[in-house]
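Welcome! Here is a protein model to explore through a few questions and answers.

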Amino acid sequence: MIKNYLKIAWRNILSNKVYSALNIVGLAAGMAVALLIGLWVQYEYAFDKFLPGYQQLFQVRRNFNSNGDTLTFGSTSLKLADVLRHNIPEIERVAEADWMTNHGLMVGDKKLYPIGIMAGGDFLKMFQFPMNTGNRDVALNDPYSIVLTESTAKALFANADPLNKIVRVDNSYNLRVTGVLKHIPANSSLQFSFIIPFSLMEQYDKSIKKLYAGSFADNGYQLFAQLRPGITYAQLAPKIKNIEKSETSSVNAMNSNVIMQPLKDWHLYTGYKNGKATDGFIEYVRIFSIIGALVLVIACINFINLATARSEKRAKEVGVRKAVGSQRKDLIFQFLIESALVTFISFLFSLLFVQLALPAFNTLTGTLITVPYSNFTFWMVMLGCVLTTALLAGSRPAFYLSSFNPVKVLKGTIQVGRSASASRKILVVIQFSCSIALIISTVVIYRQIEYARDRPTGYQMSHLMTTNMNDDLTPHYRALKNELLQSGIVQSVTSANSPATDVNGHMNLDYWQGKIPGETVEMGVITVSGDYFKTLGMKMKLGRDFMVNSRSDTANAIFNETAIKRLRLKDPLNQIVKKNGRQFRVIGVVKDALMNSPFGAADPTMFQYGGGDYLIYRLSPNIKIHLAIEGLTRIFNKYSPSFPFQYWFEDEEYNHKFSEEVLIGKLSGIFAALAIMISCLGLFGLAAYVAEQRTKEIGIRKVLGATVAQVWLLLSKDFIVLIVISCIIASPIAFYFLQNWLLKYDYHIKIGPGVFIVSAIGAILITLVTISFQAIKAALMNPVKSLKSE
């Protein structure tokens, strides 16, 4: 019986090629979108879960109470590491970590400048990245050891065995290779090229050991913890929450609570509100999961509408089958088998579409997604999805077609096409409501991105470059600066401990005039050398800038406008503030600049004199970039022959801050276009059906003098009404969700009526283009041909 049903289904597909093609292509496109989004969602959820025992791995964080506002920081103190390691038995291991972004590796004449991590001795016991060679239990025991990743080892040693070979770091230390890790998976939150023991820092910086017994306020390091087997975070949380308070009564400790974030949440839950990880990239993963389901539903609606619209073609078949004894359940089963066959064919095409789209999709999203053809679970999930889709798409036509009365059908007294007209219109409205909502979302996302990009930043990023300082450059800073200026390549040079588009350090002020007892203010702290504000193009509002090469300014500080407001200093110049036991005199106020999020308000920031690890310089305005790079390379190689010249442009770094929003905007646009395309395929089929049903009516109207435009309007107006209704429904729904999305940004657009009007006009124009082919084709048909059977 099933074999017979499959034969009939196959013959129906072949005998109605246009109808079948619309169904299969639309359903395949919908399934491809759903599958692609599903693979992407699975990839995002799988972050870090390849590590053995990931359930017991956590990052230590702290919630800081800043006058009622809870700020969450990932930077912690070495004293906290010591306390957790020795005082909390539920914690099996603790590893300190500090990222190394300006350090060079050398082997012979080969030089690399990769990103590394300086980590505690238990790091590789906790994070068990697969190793090619070496013993993870002892690889970081020796302070003068180094663990390389596979790609770094190959770059330094080619095909030679790197184990026990020497790598020179920063042209200062000879470290022995004690292990080689396999390539770090792309879906790992920790991305690095080498690991150096944290104990090495203790060897050359004796003050590090003091920090273990120092203050909880020295928050400059990351801490990772591994809980003992069987211990849950819920059991541990009450014991560590107030652990800093139990050790000291300092203001900083009394306003801090210690928390931990599980490894499985690092990638998706990056946003903290009131001390809890509540949002982050997980929001977009959920949104696109819904979009994938909606696009699949849109494709299923196509199937339903086209099947019920062509019901007249199958009505006599149903009548004959019922007349010769077929039960309704047999007919339902037959139509579901046909739906399953179409769905299966569509699924095969969807796999082809996904395979073709994956390279571009991976490039766009920065992922390495593949279709897991060899995974049994994948095929079981796909089988379930195909059957679910077949049931979803085929149930309505199956139950509708099988309900026909055989006597009325065979007598020709039933008008089967029009009885489902209302439900078809409702489904079309649902289809286009979803599609139009996606169009509106895409427009709003792009407007928000452009709004933030056009926002004044408070400094000039054009021609602004940054290079990491190193052990060769730091001692020759003044000579390097002078030569750069004399070359004419650059017009201004400075140094700082943060790049122009970021703030690397935050601290709590101990005292300022008017401070309320127990009050805390956590602010960004940037150590800068002379000409910093000149180089960045920041404007002084009050007072003066730091003097160039002046030691007298080491006890002075400059604050931005937001910091002055936060401290409530009405007359800030010459006021005294204290930080970490040091006293500073306020000599100036600089206008706010966006150094963190371009969507948020400027952070309160304190600038103190000293310089740092980043050399920041502005190119002369008329020099060509490639000539500037050539000249800079010669100068930097002169002062730093041991390190390759590396640099970045700050405007590019600033644009990277929009990468998440740009990605979401592009994905929204692509999926909105696909949703509209799938909806239009169904609309095209319905327009063809309506034109076919009204062929004789159109012929009569033309004989009576109707013009092509009048016939086109006759066939188009019903569809236009449905699209207008869809716009009316989609607009408030899109407004509600988009308004909530915009509220996460301090600096955001206001959604005006223009967005909805433009989206509605776009949807109507797309609809007119879609249905006009069939409408004009019907209008141009010779009425003699359409009426000759009469």
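## Cavities, salt bridges and cysteines

Q: How many cavities of 30 Å³ or more does this predicted model hold?
A: There are three cavities of 30 Å³ or more. The largest cavity holds about 50 Å³ of space.

Q: What makes a space like the largest one a cavity?
A: The word applies because a 1.4 Å probe fits there but cannot get out. Around the largest cavity, the lining consists of Tyr113, Thr467, Asn468, Asn470, Leu473, Phe636, Ser640, Phe643, Pro644, Phe645 and Gln646.

Q: How do the residues lining the largest cavity divide into nonpolar, polar and charged?
A: Six are nonpolar, five are polar and none is charged. Phe and Pro count as nonpolar, for example, while Asp, Glu, Lys and Arg would count as charged.

Q: Why is the contact between Arg93 and Glu92 called a salt bridge?
A: The closest N and O atoms of Arg93 and Glu92 are 3.7 Å apart. A salt bridge needs a side-chain nitrogen of Lys or Arg within 4 Å of a carboxyl oxygen of Asp or Glu, so this pair qualifies. By this rule, the model has 12 salt bridges.

Q: What makes Arg93 and Glu92 partly exposed?
A: Partly exposed covers the range between the under 20% of buried and the over 50% of exposed. Arg93 has a relative accessible area of 23%, so it belongs in that range. Glu92 is at 31%, and therefore it is partly exposed too.

Q: Is Lys125 buried or exposed, and how do you know?
A: Its relative accessibility is 19%; buried means under 20%, so Lys125 counts as buried. Lys125 meets Asp122 in a salt bridge, with 3.2 Å from N to O. Asp122 has a relative accessible area of 21%, so it is partly exposed.

Q: What makes Lys638 and Glu483 a salt bridge, and which parts of the chain does the pair link?
A: Their closest N and O atoms are 3.1 Å apart, within the 4 Å limit, so the name fits. The pair links distant parts of the chain, 155 residues apart: Lys638 lies in helix H21 (residues 625-639) and Glu483 in helix H18 (residues 477-487). Lys638 is called exposed because its 53% is over 50%, whereas Glu483, at 23%, is partly exposed.

Q: How many disulfides are there, and what would make one?
A: The count is zero. A disulfide would need a pair of cysteine sulfur atoms within 2.5 Å. As for individual cysteines, Cys385 is partly exposed at 37%, while Cys434 has 18%, which is under 20%, so Cys434 is buried.

Technical notes:
Residues numbered from 1 in each chain as written. Predicted model: local features only at pLDDT ≥ 70, side-chain atom pairs only at ≥ 80, totals over all residues. Heavy atoms only, no water. 1 Å grid on protein atoms, 1.4 Å probe; cavity = no way out; pocket = protein on both sides within 12 Å on 5 of 7 lines; lining within 4 Å. Points joined across faces, edges and corners; volume = space filled by probe spheres on them. Buried < 20%, exposed > 50% of the residue type's maximum accessible area, 1.4 Å probe, protein only. Helix = DSSP H or I, 4+ residues; strand = E, 2+ residues; numbered from the N terminus.
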